[in-house]
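Got the viewer open? Let's take a quick tour, one selection at a time.

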Amino acid sequence: MTDATASAQPARVFSLARIEGALPWIALGLVGLLLPLLDDSYIGVIAQRAYIYWILSAGLNLVVGYAGQIAIGWVSMLTLGAYATASLTAGNATPPWHPYLALVAGGALGAVFGVVVGLPALRLRTFYFAMTTLGFATIVTQVALAWKSVTGGGVGTPGPVFPWPFEPGWGFYYFCFFLAALATWMTANIASSRFGRALVAIRDAEVAAEASGIAKPRLLVAVFLFAGALGGVAGGLFSSLQSYITPDAFTFEMSVLFFIAILIGGRGSILGPALGTIILTALPEFAAPLVQWSTFLYAALLLVIVLVIPGGIADLLDYRNRRPLEQHREIVARPELLSRVLDKRSERNAIALTGVSLHFGGVRAIDGLDLEIRSGEVHGLIGPNGSGKTTTLNVISGYYRPNAGQLKLNGADLPFDRPQARAGYRIARTFQTPRLVGGASVLENVMIGGMVDGSGSFAESMLSLPRHHRDEKRLKEAALLALATVGLEQLAPVRADRLQHSELRFMEIARALMLRPAFLLLDEPAAGLSAEEIRRLGALIKAISREGTGVLLVEHHADLIFDICDRVTVLNLGKTLAAGTPDEIRSHREVVSAYLGA
Amino acid sequence: MLESIVSYGLAVGAVYALIGITYNVMFSASRVFSFTAGMLGMLGGVLGALFITKFGLPVIVGLVLVLACGALLGIVTEILTVRPVLKSIEQHLYVLSTLAFALMVQQLTAIEWGTEAQPFPRLIPIGPGWLDQQFWLPMLACAVTIVGLELLYRKTLIGRAFLAIAEDSYAARALGLPETRLRMASFALAGMIGTLAGFTGAEMLLAFFGNQSILNFYGFVPVALGGMGSNRGAVIGGLALGLFQQAANFLVGGIFAAVAVFVVFIIVLLLRPEGLAGAATARRV
């Protein structure tokens, strides 16, 4: 098979999928555009409410569905936007603003507080963020009740009336419709960009995301700004639709509605949550006797979804990923493609550890280790379990800060504690247990590895500007090439969690290759592979090093080590037991007795 | 004014502290923060008013029934929302499962009990001022709970088993401790503590379904301040929060009090995520 067919075939599958994916949106858009022909103002109001809820949920979907951050109190953004727009227009605290300007201000306020509420999510575990959003929602309502001069307190304040061209009635209807369409378009752009993939990576494989150079705080701040702004704008529209707002209008239950719409729809989908929002908005209108039970039923639904179908409707409808895969798949790596994947590196680089020690409590995981990894060489790191191999790798890739010693790249210090900065130095790694983004395709998993090579900004991706398309095209081509190199190109469109263990190992190597690494750190890549696969893996690793990449290979398979390594370091209890060429190590008496066996 | 700030602040603070302890007891046994803590607090008030005012039962019978309901709800929480999630790979789903269950109970309360705040009966007719039960009852409940938990954890075998599970559930299971049953017992205990908080604080907070989200948040603040799992931290944090809130309420108004609590909460979370007194880091790679 030639390279051309290898990359062309999955590409065709994807463009077919894109057309298929657009059909429901076209249908929804047509229904929305033509709905006013019915001339039924009751249906119009329900539709407007659905659009407004969706504007908020579209942004929230990136936070909840993509980034996996459990924002249960996002209704607070709706409240903020509604009160800002309403009280600025009414002139409660300032001279009256023009309604459209006030709506923009509502969006801006939502953006600011989206970030404020999101701050704990940048560092802390899920529950803290959930609690912060809940607390914020509680407090915003309390403030709305207490700050009578601006919000009108419990009595409330009138909502804005937008003048021509979006005056109340069908004018306002189209305003909501177009803003909802715009919000959908922007979130879809982000979702399908490298930023969307990075969000999913943070959700499913945070450690791997860091190793690929994804800076979680920066990315999440951008998403919180965006989701907060959409929430604020939705609030401004909501206050106009309600025509009069009181704190009672913004119950915590509404938050649950947004949240459940997203979960029902499915995480990592946009169509699913959109349908979920429409259904949940419309349902109580058609089941009048159940209205007082609606929140109870939503909550019950949430419980059922979490316990029974955590993937949501999108998962149930994902028929493409239920087609059986070919049974006896073989991974045939093609190292000859490496010259196109990697930059030919002629410069001599080296990562040097001198006197590195790291203690976990009383345990000395590494104890005064010296190690040098040079370009163009495979450096084996072997030793019994607990001898400090993986810990060494984690020090180099920035996850651990040693208690003593130096870590230098070409003579300059490599900063500790900053794993997400390693990708910038072209240091790539794989993991002992493959860290995959299960819900994403193999291709997307590999594309994550090229995150740092994108040139377009978040805003450019959101607006689908040319640099975004150039990035996407280049990343996709590079990822298909990397997949072809490791021998997985046939599996590019398949969900990663359907792969076999050995395939995941090769997928991780492809992801690492996306970085065009100067150094590649492999953590037991041969574990769980068959003898034949290990042989192919060995040839691939050797070929990678011959392109000028320095490889650190942590392994237990002695045959593989002695086959492909240029130099070997043997660790025991965190100390170097021996170091030298494979031949020297093989005949080293202590190594033989301590580790290799006679 | 000082007297009312202190008495009211300590009383509210004691309720927050008890809800914080409720979070902690569930967390220790399962590593799960459950949104049912605020629900239990809310139900303590509503069920108390239901049994004593509506049904006219004697106070002590009412209290016992409320605590029994709390224990039952704790067990249901464990079986329905915690156990299945602990088995799955995505353990953080507990946030959603416990929230969903708490919301179902809250909505049921809103429908059956009503959405208006209703008065809670005066149980011990002495007072006014400091002697008024609404001030000392929550503090008494808090003290009894703390002493009771200390005795349970230090002096009894089952208490030591609780501690073992909290310290290292894997090793505890390997020693043959019945982890699931102990977890269920912990949730039952948490159910009683949570409803006790609501019961004793209800004359002040009223029997109101909306107390749930307020208690969920203000009861979690002491846990975040004092470090998760630390009951002493929760009591100090809870009382401090209550005093601060009341002082701010009286001196500068409710808007400032609410905003200030939130700001302090976020700042502490960002600067000392392990709490002002705690220390915990986990290996990730």
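Start in chain A with strand β11, residues 567–572, and add β12: the two run antiparallel and are joined by five bridges. For one of these pairings, pick Val568(A), whose bridge partner in β12(A) is Gly580(A). Keep in mind that this is a predicted model.

Now widen the selection to the whole sheet. It is an open one of six strands in chain A, ordered β8-β9-β10-β5-β11-β12, with mixed pairing. At its edges sit β8 (427–429) and β12 (575–580) of chain A, each pairing on one side only. From one strand to the next, the twist averages 15°. Next, show helix α21, residues 531–546 of chain A: it packs on this sheet and touches β5 (378–382), β9 (519–523) and β10 (550–554). The direction of α21(A) makes about 150° with that of β10(A).

On to another sheet in chain A. Select β4, β3, β6 and β7, in that order: these four strands form an open sheet with antiparallel pairing. β4 (363–374) and β7 (412–413) of chain A each have a single partner strand, so one side of each has no neighbour in the sheet. Zoom in on β6 (404–409) and β7 of chain A, joined by two bridges; here Leu409(A) stands opposite Ala412(A). Then add helix α16(A), residues 389–396, which packs on the sheet against β3 (350–360), β4 and β6, at about 65° to the direction of β4(A).

Last stop: bring in chain B. The contact takes 36 residues from chain A and 34 from chain B. On the chain A side, α5 (126–146), α11 (252–265) and α13 (294–308) each supply at least two residues, and α5(A) gives the most, with 14. Colour that side by residue type and you get 27 nonpolar, eight polar and one charged.

How values were computed: Residues numbered from 1 in each chain as written. Chains lettered and ligands numbered in written order. Predicted model: local features only at pLDDT ≥ 70, side-chain atom pairs only at ≥ 80, totals over all residues. Contact = placed C-beta atoms within 7 Å. Nonpolar A, V, L, I, M, F, W, Y, C, P; charged D, E, K, R; others polar. Pairing = 2+ DSSP bridges. Axes fitted to C-alpha atoms, helices over the stretch in contact; angles between N-to-C directions.
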